[in-house]
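Below are some notes for a colleague opening this entry for the first time. Please read them with the structure in view.

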Amino acid sequence: MNKNINQKIAFSVFKLLSFAVVAILFVILGFIVVRGIGVVNWEFLTAMPEDGMTKGGIMPAIVGTACLVLGSMIFAFPIGVLSGIYINEYLPENGLKKFLRMMTNNLAGVPSIVFGLFGMALFVNYLKFGDSILAGSLTLGLLALPVVIRLTEEALKSVDDNLRLASYAMGTTKLQTIRRVVLPVAFPNILTGLILSVGRVSGETAPILFTVATYFLPRLPQSIFDQVMALPYHLYVLATSGTQIEASKPMAYGTAFVLVAIVLFINVLASLLRRFLQKKVKMN
Amino acid sequence: MKKITTFIISLVIASQLNAQKLKIKGSDTVLPLTQKEAENYMKATPGASLMVTGGGSGVGISALLNGTTDIAQSSRKLKLDEKVKLQEAGKAFKEVIIAHDAISVIVNPTNKISQLTREQLEGIYTGKFKNWKEVGGDDIKIVVYSRETSSGTYEFFKEHVLNNKNYVSSALLMPATGAIVQSVSQTKGAIGYIGLAYLTPNVKALKVSYDKGKTYVAPSIEAAKNKKYPITRPLYYYFLTKAEAAVKPYVDYVLSPIGQKTVLATGYVPLK
Amino acid sequence: MRKFRDIYEKIIVGVLFSSSTITSLTVILIIVFLFKEGIGLFNHAVVDDNHVIAISSQNPVKDLTADKLAKIFNQDYATWQELGGTKDSVKILTTSTLMSIYTEEQLGANGENIPSKVNEYVKAHPGAILFMSKSFLPADFAGREIAVDKISLKKFLTGTHWYPTSSPIPQFGIWAIIMGTLMVTLGAILFAIPLGMATAIYLSEIASMRLRNIVKPIVELLAGIPSVVYGFFGLIVVVPLIQKGFNLDVGETILAGSIILGIMALPTIITVAEDALRTTPRALKEASLALGASEWQTLRKVVIPYAKSGISTAIILGIGRAIGETMAVLMVTGNSSNIPTSFLQPARTIPATIAAELGEAPYGGLHFKALFALAVILFLFTIIINLTVEVIKNKARKQSA
């Protein structure tokens with residue numbers, strides 16, 4: 001009897017705490033949505049900031065973030081996927097594999113501000129790219145790299161080994177097997193991984209602080225050596241700087257809303273895609 | 001649909017207007033002003049393109065030295081060393097005062113203190129006074145807010161109010177002025193310093209005395225203009241003489257009556 | 001044909017291999033760049049080569065350490081007597097005081113008269129101590145230069161004063177910042193463990209499949225929210241709440257940072273811990289239940305001990321997530337460089353210090369190098385965390401084998 005009461009209490013506590021976690025998310029989201037949604041309209045999304053950034057829109061920040069995400073993915077996606085394929089398909093369980101995995105984990109654990117510092121030292125100063133989209137994208141790309149590698153590896157691991165064996169039995173080479181059999185099956189999960197890393201990259205502030213972000217630049221970038229405004233940094237600026245902190249608050253809420261909406265959209269898209277593609281694979 | 005078309009057209013136009021690009025870099029104090037001036041200037045001058053970045057006065061000046069900016073905005077006069085460096089590099093430069101700024105000392109509106117002498121401020125900021133009752137207020141702990149160590153305002157305040165002494169180490173260092181206003185407005189025992197432009201009704205500006213309590217002056221544009229308010233400083237643009245032709249139209253715009261109106265509207269002190 | 005294909009495959013494998021080396025290369029480059037700049041702090045003279053600190057040659061005081069000099073320039077001494085010298089009062093002469101003593105005309109339009117004026121001043125004031133560019137010193141200078149000791153590693157780590165821009169003697173003591181970082185992280189993990197573990201257990205052992213499919217994505221969404229949004233939320237909501245709730249002088253506290261960081265660490269902890277709990281073999285659980293143990297007892301005595309290493313990994317990774325977080329902390333902890341003694345005080349963390357100061361630290365200067373040295377410390381923390389995780393994993397693998 002006592003046993004059951006204990007269990008009931010313990011399980012209720014667990015349940016309660018879990019719901020608290022869910023509640024936290026809803027409080028944060030609710031706060032951003034309630035305060036931000038009224039600010040967001042077509043003009044907000046497509047206009048330049050005006051009047052000391054208390055009016056107008058955030059278009060350059062949206063475009064800037066899009067450029068950075070695109071740039072970082074052009075860098076991180078091929079390298080990440082190729083390296084995932086190499087680690088999972090080519091390397092036997094040996095020291096090198098362990099070492100590469102450890103390095104990937106190490107890179108994943110590096111704080112984002114250290115990426116920023118490193119990006120500034122290597123890309124901005126040493127390679128003389130200056131504060132630019134190029135420098136920012138490469139920094140963000142390095143940050144996304146371990147995420148892409150890991151998710152690629154996981155995607156490849158989940159491919160049934162029998163498929164590989166069957167393919168070999170038909171006399172194909174390893175490369176052909178990977179290209180024709182393994183990758184098509186793993187593709188949905190790799191794609192989800194890519195989308196998730198886009199979500200991660202689009203919200204990062206610390207790595208772009210010293211590599212690309214600018215306070216105010218009401219025009220669109222024309223080359224990869226331009227600086228840009230970016231959504232996360234813009235939110236930081238609106239929340240802490242600006243002469244009229246009260247007047248720029250609505251803009252801050254709006255920016256937070258757009259940023260969160262983008263990130264959530266990406267996450268939801270990824271999980272929907274995963275479900276959809278998994279179903280398709282199962283049906284086949 | 002029409003909106004989308006105009007949006008696309010504006011994108012195309014924006015990417016083709018490549019005419020005049022000016023980079024302005026430096027002091028975060030001048031940043032909001034330059035931002036506003038640049039915004040208006042670009043509206044009034046089709047084809048002009050200005051890029052405004054912060055980083056601090058020192059950063060702007062060293063950028064001027066190594067050629068990565070066209071105008072250095074600064075909340076302090078060039079240091080003698082910087083002057084020498086520019087001269088050694090053979091780079092003749094021009095200095096233009098574009099406006100003045102008054103540093104206001106602010107407290108929470110519930111604080112009954114409304115005036116302090118420089119000596120009291122020094123005591124508060126160096127940690128000698130820890131409670132408001134030591135300077136005639138209620139029995140509340142003083143919470144000292146300051147800007148980050150590398151800000152020009154931090155240095156100016158240290159030099160002109162703290163008599164070059166170090167801040168108390170328990171001071172809360174805020175990454176930006178807006179954050180100081182935000183925090184002082186919600187913290188009872190808080191004291192902070194901000195540019196006049198940042199003053200809002202949520203915080204109370206103190207009267208300050210620089211003659212040991214004989215006269216107290218409240219910060220205002222008027223008092224800063226006629227030099228009655230003691231904690232004021234000029235704001236500068238520095239640019240290389242050889243770049244004068246490119247920079248001049250913008251600088252002239254800032255100094256023009258329209259530009260100076262913007263100075264006033266943004267909360268800084270106009271020249272005339 | 002066959003040969004061609006072989007070569008082709010070899011090239012592809014080569015490309016794959018080189019891609020896989022990029023991460024390692026990056027880690028190595030990060031180490032090289034951070035250390036190279038960071039170490040510069042200890043080899044670099046405190047007062048750069050172009051500047052000089054000097055006292056009058058009549059001044060008998062010797063052994064002026066960097067700390068004493070810092071105090072002198074902070075006007076902590078009225079006369080030289082306290083330093084074992086004469087009764088002459090301490091007179092500080094810098095380029096800015098020079099400009100307030102003499103008019104611009106006296107100094108010359110291009111500063112050509114500065115050296116003679118400096119000499120004049122030092123001769124007139126035996127208690128003078130000056131700091132300025134070497135080029136301002138006259139050839140027949142009536143003073144004695146003072147060599148300032150370099151910064152030692154020990155002073156860097158254990159020093160309690162962080163005045164990186166103080167002139168002429170900047171102080172780089174990071175003890176308070178290290179303590180701040182550790183306290184915020186500790187608080188975050190204390191906040192996150194109960195919530196995270198409860199959720200992990202609930203998801204893996206108690207919740208129905210349907211509920212799990214709802215809660216799990218929500219937890220993952222928490223990971224997706226950008227840190228600057230957390231910071232914004234913390235600044236507007238959590239900070240005032242803490243101030244009112246605890247009736248504090250200041251709301252920007254370690255606690256505020258801990259709560260925000262704790263929330264941010266939750267997804268990591270929950271995901272990893274849940275995965276670990278799920279690996280408990282079904283047979284083991286069923287055996288326990290068959291022996292008459294309740295689900296709760298099974299959980300406590302069988303499942304959790306079995307998943308022990310996975311759970312510790314989860315917590316350590318959570319710590320890793322919290323310790324390096326930048327923007328959110330910068331916005332809510334107040335950034336005062338005092339040594340914190342309770343969770344209700346403001347504190348400054350390593351990432352926040354770097355983020356707030358790097359932009360305005362002159363490139364290549366001492367302050368710049370000190371921030372890189374801070375990054376090295378942070379990097380070492382994370383490497384230790386990663387290695388611990390590796391060790392735990394290896395141990396667990398050996399045990400299960």
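1. Chain A of this predicted model contains 11 helices and 2 strands. Read from the N terminus, the order of its elements is α-α-β-β-α-α-α-α-α-α-α-α-α. In that order, two helices come before the two strands, and helices follow them up to the end.

2. On overall dimensions, a box of roughly 70 × 70 × 35 Å, laid along the principal axes, holds the C-alpha atoms of chain A. The chain has 284 residues, and 59% of these count as buried. Take contacts between residues at least 6 apart in the sequence of chain A: 73% of them link residues at least 24 apart.

3. The surface and the charges of chain A can be taken together. Its accessible surface is about 11,600 Å², and carbon and sulfur atoms account for 67% of that area. Chain A carries 23 positive side chains and 13 negative ones. The centre of the positive set and the centre of the negative set are 12 Å apart.

4. One residue of chain A is worth a closer look. V201(A) belongs to helix α8, which spans residues 174-202. Is V201(A) buried or exposed? Its relative accessibility is 2%, and because the cut-off for buried is under 20%, V201(A) counts as buried.

5. Which residues does V201(A) touch, leaving aside those up to four places away in sequence? They are V69(A), S72(A), M73(A), L140(A) and A144(A). L68(A) can be added to the picture by distance: its C-alpha atom is 8.3 Å from that of V201(A), although 133 residues separate the two along the chain.

6. In chain C, the element to look at is strand β3, made up of residues 128-133. This strand is mostly covered, with 6 of its 6 residues buried.

7. Which way does strand β1 of chain C, residues 51-56, run relative to β3(C): parallel or antiparallel? The two strands are antiparallel and are joined by 5 bridges. Within β3(C), S133(C) is the residue that stands opposite H51(C).

8. Strand β2 of chain C, residues 91-94, also pairs with β3(C), here in the parallel sense and over 4 bridges. K91(C) has A128(C) as its bridge partner in β3(C). β3(C) is thus paired with β1(C) and with β2(C). As general background, side chains in a regular strand alternate between the two faces of the sheet.

Notes:
Residues numbered from 1 in each chain as written. Chains lettered and ligands numbered in written order. Predicted model: local features only at pLDDT ≥ 70, side-chain atom pairs only at ≥ 80, totals over all residues. Heavy atoms only, no water. Buried < 20%, exposed > 50% of the residue type's maximum accessible area, 1.4 Å probe, protein only. Contact = heavy atoms within 4.5 Å. Areas by Shrake-Rupley, 256 points an atom, 1.4 Å probe, with all protein chains shown as cover. Lys, Arg positive; Asp, Glu negative; His and termini not counted. Charge placed at Lys NZ, Arg CZ, Asp CG, Glu CD. Pairing = 2+ DSSP bridges.
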